[in-house]
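Subject: Structure handover

Hi,

Here is the structure I promised to pass on. Have it open while you read, and my notes will follow below.

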Amino acid sequence: MPTPRAICFDLDGTLFDHRGSARVGVTRFLQGLGVEVTEAAIGTWFTAEDEQFERWRSGAISFREQRRARLRTVLPHLGIEAPGDEAGLDAVFDDYLRAYREAWRLFPESFALLHELRDLGHRLGLLTNGTETQQLDKLARTGLADAFDVVCISERIGFQKPDVRAFHALAAQLDVDPADCLFVGDDPERDVTGARAAGMRAVLVDHTQPEAPGLRALVLSAL
């Protein structure tokens, strides 16, 4: 099998440590609210995040509304009355966002791996579900703003993973055939199944399992 011309990545959970960053952020956020930070409290936050983000991804609610819905779910569960107006909810969520943003970080191998792949002559692409403002801010603050030949963000291109059109848009902008792309992501359905349905090769990275191959080993072995 020929070596892929382009190596393409998901961002959150693959190169960017969203869960670790969010855990630090929500811990500081809850402390600021005077809430005892327990595993149950953190788990409630992440459950609401997963559920409401999926509602946004499916088009049921807006991106800002999924943030408000998280607070309407989580705050009463923690014994805090949620603001009754949208502006109040937005102000509270901004407190979380500041803490989350201050904690942003890449997985340890991400930066060096991208430079290694570039030195090997590969074109590099990024395909991420999210809003353009926040995802570009993540790249800038973590040093990845210039790491990719092409960055495709679902809000801008109009398609979300696992829609094959999102992967085809990435390949088209990279000026390569999907068959010449290797896609690397942490979500079995959105990243791996979606990429393969689009005609790309794909590998799954799992940063939650210490015994699983690391990001660099996984990508280089796939090449």
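A quick term before anything else: I call a residue buried when its relative accessible area is under 20%, with a 1.4 Å probe and protein chains only. Also keep in mind that this is a predicted model.

With that cut-off, helix α2 is a good place to begin. The buried residues in α2 are Ala41, Ile42, Thr44, Trp45, Phe46, Ala48, Glu49, Gln52 and Trp56. What do they pack against? Their partners are α1 (18–32), α3 (63–77), α4 and α7 (154–157). The helix itself covers residues 39–57, which makes 19 residues, and it reaches 26 Å from its first C-alpha to its last, close to the 27 Å expected at 1.5 Å a residue. Just after α2 comes Gly59, with a positive phi of about 90 degrees.

Trp45 deserves its own paragraph. This residue is found in α2, and it counts as buried because its relative accessibility is 0%. Which residues does Trp45 touch, if you ignore those up to four places away in sequence? The list is Val26, Phe29, Arg70, Leu71, Val74, Phe93 and Tyr96. Take Leu71 from that list: Leu71 and Trp45 are 26 residues apart along the chain, and their C-alpha atoms are separated by 8.6 Å.

Trp45 also turns up in the largest nonpolar core, which has 46 residues; Phe9, Trp45, Tyr96 and Phe148 touch the most other members. Helix α4 (residues 86–102) supplies the largest share of this core, six residues. Apart from that core lies another, of 20 residues, including Cys8, Ala166, Phe167 and Ala171. As a general point, nonpolar side chains tend to be buried together in soluble globular proteins.

Now the sheet. It is open and has five strands, in the order β3-β2-β1-β4-β5, with parallel pairing. Which strands sit at the edges? They are β3 and β5 (201–204), each pairing on one side only. From one strand to the next, the twist averages 20 degrees.

Going through the pairs:

- β1 (residues 6–9) and β2 run parallel and are joined by four bridges. Phe9 stands opposite Leu126 in β2, and Ala6 stands opposite Arg123 in β2.
- β2 (residues 123–128) and β3 pair in the parallel sense, again over four bridges. Here Leu126 stands opposite Val151 in β3.
- β1 and β4 run parallel, with four bridges joining them. The bridge partner of Phe9 in β4 is Val184.
- β4 and β5 run parallel too, joined by four bridges. Gly185 stands opposite Leu204 in β5.

In that last pair, the chain goes from β4 through α9 to β5, and this β-α-β crossover is right-handed. What about the step from β2 to β3: right-handed or left-handed? That β-α-β crossover, through helix α6 (residues 132–141), is right-handed.

Both faces of β1 are covered: Ala6 and Cys8 on one side, Ile7 and Phe9 on the other, and all are buried. In β3 (residues 150–153), Val150 and Cys152 point one way while Val151 and Ile153 point the other way, and all are buried.

Last, helix α8 (residues 164–174). Its buried residues are Ala166, Phe167, Ala169, Leu170, Ala171 and Leu174. They pack against β1, β2, β3, α7, β4 and α9. Among them, Ala166, Phe167 and Ala171 belong to the 20-residue core, and so does Cys8. Just after α8, Asp175 takes a positive phi of about 60 degrees.

If you want one residue to start from, try Phe9. It sits in the group of four that touch the most other members of the 46-residue core, and it stands opposite Leu126 in β2 while its bridge partner in β4 is Val184.

Happy to talk it over whenever suits you.

Cheers

Definitions and conventions
Residues numbered from 1 in each chain as written. Predicted model: local features only at pLDDT ≥ 70, side-chain atom pairs only at ≥ 80, totals over all residues. Heavy atoms only, no water. Core = buried A, V, L, I, M, F, W, Y, C linked by side-chain atoms within 4.5 Å. Buried < 20%, exposed > 50% of the residue type's maximum accessible area, 1.4 Å probe, protein only. Helix = DSSP H or I, 4+ residues; strand = E, 2+ residues; numbered from the N terminus. Contact = heavy atoms within 4.5 Å. Pairing = 2+ DSSP bridges. Right-handed = clockwise from strand over helix to strand, strands pointing away. Axes fitted to C-alpha atoms, helices over the stretch in contact; angles between N-to-C directions. Expected span 1.5 Å × (residues − 1).
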